[in-house]
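Me: I am new to reading protein models. Please take one part and go through it closely, step by step.

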Amino acid sequence: MAAALRHIRGNTYYLPGTTNVGVVVNGNQCVIIDTGRDRRYGKQIASILKKEGLKAGGVINTHGHADHYGGNGAFAGVRIYASAIEKTMMENPILEPMFLFSAAPVKELQNPVLMAEASRVDAVITPGKCTIDGIDLEVVALPGHCLGQIGIVTADGVCFCGDAYISARIVDSYGMPFTVDVTLALETLNRLKQSKYACYVPSHSVISSAPAAEIQRNITAMENTLDLILDLLRKKTYSREEIVAYYMAVRKRKQNTLQYALDYSTVSACLTHLHARKKVTHYIKEGKMFWQRED
Ligand SMILES: [Zn+2]
């Protein structure tokens, strides 16, 4: 993490790091957006704010993934804000691996990538304007990467957009970003691409005043995955398990439980999207869920 705040515009700053952290200032008070992966990361943020003479009056989490709320524990006594769905995830970290495994998860999925220290959430925030600790902000819904993800737009026109899009470099090596709802993710990405904020701060890429090309790379990666699945199903039906295996082979994935669970979820989200568009249909036979083209 950077050793000092970086100025963006007006009263809006950030701390670049493995998770970019937003800091919106009002006098000697500030609101923080996301806190990184663990309590140590949170303590680093707290010590930089102290050096800058700032006191945190609120923490907003864009979503309930471990690397976004894991540092909340370093901000005892500070009000914590999140969307209703992500509040549930943050208060019950077992839900993330349970979500991926569809039941009590095997121990390999109970790891720090998926689970941070549980965090209380003091207040639920919903899309629209709000004032936190005297700081005017706008909350925007950015669902798709997870269901309750929000972005925070400051009065200076800076949009902290969580993991709504990831860096073009990661898209090139990893492919489509982890997504639980492809329909919502595409809507979110297209809306962000057309938006006209002064600056965008994704959590894991560089800040930019013109992110349309990088956002489009995320959209294209999603469309390529949808096409890949449709092409696979052109001649033959396959089970969901086989589609995941094909996807992992094409993407040259490491063969481990975490990667399998992440890809299983993303492929499932693609199948649901294609099913809603009447491109594919499914049936159960011999205890397997098979997928076939509708056309
Ligand atoms: Zn995330």
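Me: Show me how the helices H6, H7, H8 and H9 pack against each other.

Reply: What follows is a walk along these helix contacts, with a short look at the whole and at two single residues. The model is predicted, so local features need pLDDT of at least 70, side-chain atom pairs count only at pLDDT 80 or more, and totals for chains, interfaces and linings use all residues. Residues are numbered from 1 along each chain as its sequence is written.

The whole comes before the part. The protein has 9 helices and 15 strands. Both are DSSP runs, numbered from the N terminus: helices are H or I with at least four residues, strands are E with at least two. The C-alpha trace spans about 65 × 40 × 30 Å along its principal axes. A compact globule of 295 residues would have a radius of gyration near 19 Å, and the 20 Å of the protein agrees with that. This radius is taken over C-alpha atoms, and the globule rule is 2.2 Å times the number of residues to the power 0.38.

Now the helices. Helix H6 covers residues 182-194 and helix H7 covers residues 212-232. Their axes come within 9 Å and cross at roughly 160°. H6 is therefore roughly antiparallel to H7. Axes are lines fitted to C-alpha atoms, for helices over the stretch in contact, and angles run from 0 to 180 degrees between N-to-C directions. Under 35 degrees counts as roughly parallel, over 145 as roughly antiparallel, 65 to 115 as roughly perpendicular, and the rest as oblique. The crossing of H6 and H7 is left-handed. Left-handed means that the near helix is turned anticlockwise from the far one by less than a right angle; right-handed means clockwise.

Which residues make this contact? From H6 come Val-182, Ala-185, Leu-186, Leu-189, Leu-192 and Lys-193. From H7 come Ala-212, Ile-215, Gln-216, Asn-218, Ile-219 and Met-222. Contact here means C-beta atoms, placed from the backbone, within 7 Å. By class, 9 of these residues are nonpolar, 2 polar and 1 charged. Ala, Val, Leu, Ile, Met, Phe, Trp, Tyr, Cys and Pro count as nonpolar, Asp, Glu, Lys and Arg as charged, and the others, Gly among them, as polar.

H7 also meets helix H9, residues 257-276. These axes come within 10 Å and cross at roughly 75°. H7 and H9 are therefore roughly perpendicular. Thr-225, Leu-226, Ile-229 and Leu-230 of H7 meet Cys-270, His-273 and Leu-274 of H9. That contact has 5 nonpolar, 2 polar and no charged residues.

Helix H8, residues 240-250, packs on H9 too. The angle is about 115°, with the axes 10 Å apart. That makes H8 roughly perpendicular to H9. The crossing is right-handed. Arg-240, Ile-243, Val-244, Tyr-247 and Met-248 of H8 meet Asp-263, Tyr-264, Val-267, Ser-268 and Leu-271 of H9. Here the classes are 7 nonpolar, 1 polar and 2 charged.

Last, burial. Of the 295 residues, 43% count as buried. Buried means 20 or more other C-beta atoms within 10 Å of a residue's own, exposed means 12 or fewer, and partly exposed lies in between, with C-beta atoms placed from the backbone. Ala-46 sits in helix H1. Ala-46 has 20 C-beta neighbours inside 10 Å, so Ala-46 counts as buried. Leaving out residues up to four places away in sequence, Ala-46 touches Ala-74 and Phe-75. Leu-54 lies in the loop between helix H1 (39-51) and strand E5 (55-60). Leu-54 counts as buried because 20 C-beta neighbours lie inside 10 Å.

Technical notes. Contact = placed C-beta atoms within 7 Å.
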